Amino acid sequence: MHTWRRAFTTSVARLGSSSTPPSRISALRCAQILHASKADGPCSLEDKEIKVNGFIRSVRKQKRFAFAEISDGSTVEPLQAILKPAQA
């Protein structure tokens, strides 16, 4: 069984554009992102470009988009990313 490691950078609002230089983006752990998204009120990471280093556990392709489950070992629950089919 082969395990692939891939860096994943995305933004909900600007998927596909790189307005922020990659050197200024610090990598976050999956547990940090999931904890921030479960807090009451709006998520502090919403509409921001983030970087996650981890393993892509599965990819489910649809017609117009794809889902990728990303894990880095910091939590059992995977992080789900929405991708364009060309990115998957």
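This passage describes the fold, the nonpolar core and the aromatic pairing of a predicted model.

The protein is built from 1 helix and 5 strands, and these follow one another along the sequence in the pattern β-β-α-β-β-β. Among contacts with a separation of 6 or more, 52% join residues that lie 24 or more positions apart. Of the 88 residues, 25% count as buried. The accessible surface amounts to about 6500 Å², and carbon and sulfur atoms account for 53% of that area.

Turning to the interior, the largest nonpolar core comprises 13 residues, and Ile33, Val52, Ile70 and Leu79 have the most contacts inside it. Two or more residues of this core come from each of helix H1 (30-38), strand S3 (50-61), strand S4 (66-71) and strand S5 (79-83). The greatest contribution is that of H1, with 4 residues. Ile33 offers a helpful view of the surroundings: once its neighbours within four places in sequence are set aside, Ile33 is in contact with Leu28, Leu45, Ile50, Val52 and Leu79. Two of these partners, Val52 and Leu79, are also listed with Ile33 among the residues with the most contacts inside the core.

Aromatic rings deserve a short look as well. The structure contains 1 aromatic pair. It is formed by Phe65 and Phe67, whose ring centres are 5.3 Å apart; the planes meet at 80°, so the arrangement is edge-to-face, given that angles over 60 degrees fall in that class. The two partners differ in their exposure: Phe65 has 35% relative accessibility and therefore counts as partly exposed, whereas Phe67, at 17%, counts as buried because the cut-off for burial is under 20%.

Technical notes: Residues numbered from 1 in each chain as written. Predicted model: local features only at pLDDT ≥ 70, side-chain atom pairs only at ≥ 80, totals over all residues. Heavy atoms only, no water. Phe/Tyr/Trp six-rings, centres within 6.5 Å; stacked < 30°, edge-to-face > 60°. Buried < 20%, exposed > 50% of the residue type's maximum accessible area, 1.4 Å probe, protein only. Core = buried A, V, L, I, M, F, W, Y, C linked by side-chain atoms within 4.5 Å. Contact = heavy atoms within 4.5 Å. Areas by Shrake-Rupley, 256 points an atom, 1.4 Å probe, with all protein chains shown as cover.
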